[in-house]
Amino acid sequence: MKFIGITGGIGAGKSELLKYIQKHYKCRIYLADEVAHLVKEPGTVCFDRLVELLGEDVVGGDGHIDRAVMAGRIFADGALLQRVNEILHPAVRDFLLERLEEAERLGDVELFFVEAALLIEAGYGSLVDEMWYVHADEEVRRDRLRQSRGYSGERIDNIIRRQLSEDIFRKNCDFVIDNSGSLEESCRQIDKKLEAFTWRE
């Protein structure tokens, strides 16, 4: 079984490509953002540590950590954001490695994917067998974010400015998917890369 990390800038189209992979290959796919929400559910060590760090009022009426309150607090304070990441990142990594071990034990999939914009920064290069970079030209990404999410030009500028440069993505990845064109074209690149693995109609 091959363990593959998929990364790329916002608007590059990672989600659509992962839907295609999920449909046509024997795989498991985990999105790091979704895992981050799972590991801070009530009753977990992460939940307790985050409430201790951020205060009881970060817990909403439903007993879960209020994402909006937490986001507002940590993005206004760089030091606090770092401390939250020091709690969440190891928990996400442990969760994924446990699922990887489970998949290897069951032997029911050939490919195990984890997707996140911050895989390189979080040190996943030393964990995965391969790191894939989903590239799309900046103007293409901007158009997608305006059309699909309704983001303003200023918001897009701020997000792109915080992300890794094209050079760093390419330097740290083993395979590049150019997703600037059609979805069909990108999927052909994936099929060629995964031709040694089982195809499912």
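Okay, let's start with two helices, α3 and α5. Helix α3 covers residues 45-54, and its axis sits 10 Å from that of α5, with about 175° between them. Since anything over 145 counts as roughly antiparallel, that angle makes α3 roughly antiparallel to α5. And before I go on, please keep in mind that this is a predicted model.

So which residues of α3 meet α5? On the α3 side we have C46, R49, L50, L53 and L54. Across from them, α5 brings L80, R83, V84, I87, L88 and A91. If you sort the residues of this contact by type, you get nine nonpolar, two charged and no polar.

Now stay with α5, which spans residues 78-106, and look at helix α4, residues 67-74. Here the axes are 8 Å apart and the packing angle is about 125°. That one comes out as oblique. From α4, the contact uses M70, R73 and I74. From α5, it uses G78, L80, L81, V84 and L88. By type, this contact of α4 with α5 splits into six nonpolar, one polar and one charged. You may have caught some repeats there: L80, V84 and L88 of α5 are in the contact with α4, and L80, V84 and L88 are also in the list for α3.

Right, on to the sheet. In what order do the five strands sit? Going across, you read β2-β3-β1-β4-β5, and this is an open sheet with parallel pairing. The edges belong to β2 and β5, each with a single partner strand, so one side of each has no neighbour in the sheet. From one strand to the next, the twist averages 20°. As a quick reminder, strands of a sheet pair through backbone hydrogen bonds, in either a parallel or an antiparallel way.

Let's walk across it from the β2 end. Strand β2, residues 27-31, pairs with β3 in the parallel sense, over five bridges. Two of the partnerships you can find on screen: L31 has E115 as its bridge partner, and Y30 has V114. As for cover, four of the five residues of β2 are buried.

Next comes β3, residues 111-115, where five of five residues are buried. What about its two faces? Both are covered: L111, F113 and E115 are buried on one side, and F112 and V114 are buried on the other. Yes, E115 is in that buried set too.

Moving along, β1 is residues 2-7, and five bridges pair it with β3 in the parallel sense. F3 is the residue to click on here, as it stands opposite F112 in β3. Then β1 is joined to β4 by four bridges, again running parallel, and I6 has W132 of β4 as its bridge partner.

That takes us to the other end. Strand β4, residues 130-135, pairs with β5 in the parallel sense over four bridges, and Y133 stands opposite V176 in β5. Strand β5 itself, residues 175-178, has side chains that alternate. F175 and I177 point to one face and are buried, whereas V176 and D178 point to the other face and are not.

What packs on this sheet? One helix is α1, residues 14-24, which lies across β1, β2, β3, β4 and β5 and runs at about 155° to β2. Another is α9, residues 183-193, which touches β4 and β5, with its direction at about 155° to that of β5.

A couple more stops. In helix α7, residues 153-162, the buried residues are I156, I159 and I160. Looking down the axis of α7, these buried residues fall within an arc of 95°, so they line one face of the helix. And what do they pack against? That would be α6, residues 138-149. Over on the other side of α7, E154, R161 and R162 are exposed.

Last one: D33, which is in helix α2, residues 32-38. Buried or exposed? D33 has a relative accessible area of 60%, and the cut-off for exposed is over 50%, so D33 counts as exposed. Along the chain, D33 and A117 are 84 residues apart, yet their C-alpha atoms are separated by 9.1 Å.

Notes. Residues are numbered from 1 along each chain as its sequence is written. This is a predicted model: local features need pLDDT of at least 70, side-chain atom pairs count only at pLDDT 80 or more; totals for chains, interfaces and linings use all residues. Side-chain values use heavy atoms; hydrogens and water are left out. Axes are lines fitted to C-alpha atoms, for helices over the stretch in contact, and angles run from 0 to 180 degrees between N-to-C directions. Angles under 35 degrees count as roughly parallel, over 145 as roughly antiparallel, 65 to 115 as roughly perpendicular and the rest as oblique. Contact means heavy atoms within 4.5 Å. Ala, Val, Leu, Ile, Met, Phe, Trp, Tyr, Cys and Pro count as nonpolar, Asp, Glu, Lys and Arg as charged, and the others, Gly among them, as polar. Buried means under 20% relative accessible area, exposed over 50%, partly exposed in between (1.4 Å probe, protein chains only). The arc is that of the directions from the helix axis to the C-beta atoms. Two strands pair if DSSP finds at least two bridges between them.
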